[in-house]
Amino acid sequence: MPELPEVEVTRLGFANRIAGARIEAVRVGKPLRWALAVEPLALVGRTVLAVRRRGKYLLVDLDEGLLLLHLGMSGSLRFSQDAPPAGPHDHFDLVTSHGTLRLNDPRRFGAVVYAQDEAAPLAMKLLGKLGVEPLGDGFDLALFHAGLQKRQAAIKQVLLAGDLVVGVGNIYASEALFLAAIRPTLAASRISNPRAARLHAAVREILARAVERGGSTLRDFTNIDGQSGYFQLEATVYGRAGEPCRVCGTPIRQIRQGQRSTFFCPNCQKY
Ligand code: ZN
């Protein structure tokens, strides 16, 4: 599943290239998770101003309204000047004067949704409950720690929930907790201020590093130009059950938390 770094890498790959482009055509393929919510023809003639990211949503600002894109479980975007004919898994094309933005999504949990502005009910429904951006200035340590203190659930679950801080997906949650030396099962409310500070720094570091490396979590993740294979996360714990901890050599342990796999070192992350 594309996580925040992949979405950010995708954004960086085409945001500057599409800015200022005029929409020439919109092609909609098979139904995605949510309907487009606008007549495709109504978008023709509008101009793309910028591409922003909020959590795992890409916000394509138009001179009137905006498109919210989500990659779902298996989606990827391409931006190219000579797009080949749409294949069976290409479900949305935004044909512009600068090139075609195409969503390929075999499992179709992704979506492209139009909203008049971010305050529109549909946009509010998708974006309204998202926590602060972990890589933005709004990710404040004092607020983060205060939020942790109010939550009784295991810290890994709290990170994944996305309402305190958004976009820390399953892989990065395990990795950040290892970096901060915190046991994933520890109740969030029991994390002291110094440990919250370590976790706060770890979340930022893990995500920033992943963005820098071009996204990393999916073996089949391809970038905006369709290239793949150059992202390999050097995971410290994720996916390494039974293998020696890179710090102390203790076998990495795998547990289930809320249907998701968690990986940790029982020695480095004692409590
Ligand atoms: Zn260890």
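**Loops, sheets, cores and a zinc site**

Ala37 sits in the loop that runs between strand E1 (23-28) and helix H2 (40-43). The model is a predicted one, and in it Ala37 has a positive phi of about 70° although this residue is not a glycine. That is worth a second look, given that most residues other than glycine have a negative phi. Ala37 has a relative accessible area of 48%, so it counts as partly exposed. Gln259 shows a positive phi too, near 70°, and is likewise a residue other than glycine. Its place is the loop between E9 and E10. With a relative accessible area of 67%, Gln259 is exposed, because the cut-off for that label is over 50%.

Next come the strands, beginning with an open sheet. Four strands build this sheet, in the order E2-E3-E4-E8, and their pairing is antiparallel. Strand E2 (48-54) and strand E8 (111-115) are at the edges with a single partner strand each, so one side of each has no neighbour in the sheet. On average, neighbouring strands here are turned by 20° against each other, if direction is ignored. In the pairing of strand E3 (residues 57-62) with strand E4 (residues 66-70), the two strands run antiparallel and are joined by 5 bridges. Within that pairing, Tyr57 stands opposite His70 in E4. Helix H1 packs on the sheet, where it touches E2 and E3, and the direction of H1 makes about 170° with that of E2.

Strand E7 brings in another set of pairings. This strand (residues 99-104) is mostly covered, with 5 of its 6 residues buried. Strand E5 (residues 76-80) runs antiparallel to E7 and is joined to E7 by 5 bridges; Ser76, for instance, has Asn104 in E7 as its bridge partner. E6 also runs antiparallel to E7, this time with 6 bridges between the two. Here Phe92 is matched with Leu103 in E7. E6 and E7 make up a hairpin, with 2 residues between them. As general background, strands of a sheet pair through backbone hydrogen bonds, either parallel or antiparallel.

Val95 is a handy residue to follow in strand E6 (residues 90-96). Its relative accessibility is 24%, so Val95 counts as partly exposed. Leaving aside residues up to four places away in sequence, Val95 touches Arg22, Ile23, Glu24, Ala25 and Thr100. Gln152 is another matter: Val95 and Gln152 are 57 residues apart in sequence and 48 Å apart in space, going from C-alpha to C-alpha.

What about the inside? In soluble globular proteins, nonpolar side chains tend to be buried together. In this model, the largest nonpolar core has 28 residues, and the ones that touch the most other members are Phe14, Ile18, Leu67, Leu77 and Leu101. Helix H1 (residues 4-18) gives the most to this core, namely 4 residues. Leu101 has quite a list of contacts: not counting residues up to four places away in sequence, it touches Phe14, Ile18, Leu69, Leu77, Arg78, Phe79, Phe92, Asp93, Leu94 and Ile224. There is also a second, separate core of 25 residues, with Ile155, Leu164, Tyr172 and Ile191 among them.

Last up is the zinc ion, which is coordinated through the SG atoms of Cys245, Cys248, Cys265 and Cys268, at 2.2 to 2.4 Å. Along the chain, these donors follow the spacing C-x2-C-x16-C-x2-C. Cys248 belongs to the loop between helix H7 (193-212) and strand E9 (253-257), while Cys268 belongs to the segment after strand E10 (260-264), so this pair ties together parts that are 20 residues apart in sequence. Why is the arrangement around the zinc ion called tetrahedral? The 4 donor atoms subtend angles of 101 to 113°, and four donors count as tetrahedral because all of their angles lie between 85 and 135 degrees. For reference, the ideal angle for four tetrahedral donors is 109.5 degrees. As for how covered these cysteines are, Cys248 has a relative accessibility of 33% and so counts as partly exposed. Cys268, with a relative accessible area of 22%, is partly exposed as well.

Conventions
Residues are numbered from 1 along each chain as its sequence is written. This is a predicted model: local features need pLDDT of at least 70, side-chain atom pairs count only at pLDDT 80 or more; totals for chains, interfaces and linings use all residues. Side-chain values use heavy atoms; hydrogens and water are left out. Donors are N, O and S atoms within 2.8 Å of the metal (3.2 Å for Na, K and Ca); water is not among the atoms, so sites may look incomplete. Four donors count as tetrahedral if all angles lie between 85 and 135 degrees; four count as square planar and six as octahedral if opposite donors are over 155 degrees apart and all others between 65 and 115; anything else is irregular. Buried means under 20% relative accessible area, exposed over 50%, partly exposed in between (1.4 Å probe, protein chains only). A nonpolar core is a set of buried Ala, Val, Leu, Ile, Met, Phe, Trp, Tyr and Cys residues joined through side-chain atoms within 4.5 Å. Contact means heavy atoms within 4.5 Å. Two strands pair if DSSP finds at least two bridges between them. Axes are lines fitted to C-alpha atoms, for helices over the stretch in contact, and angles run from 0 to 180 degrees between N-to-C directions.
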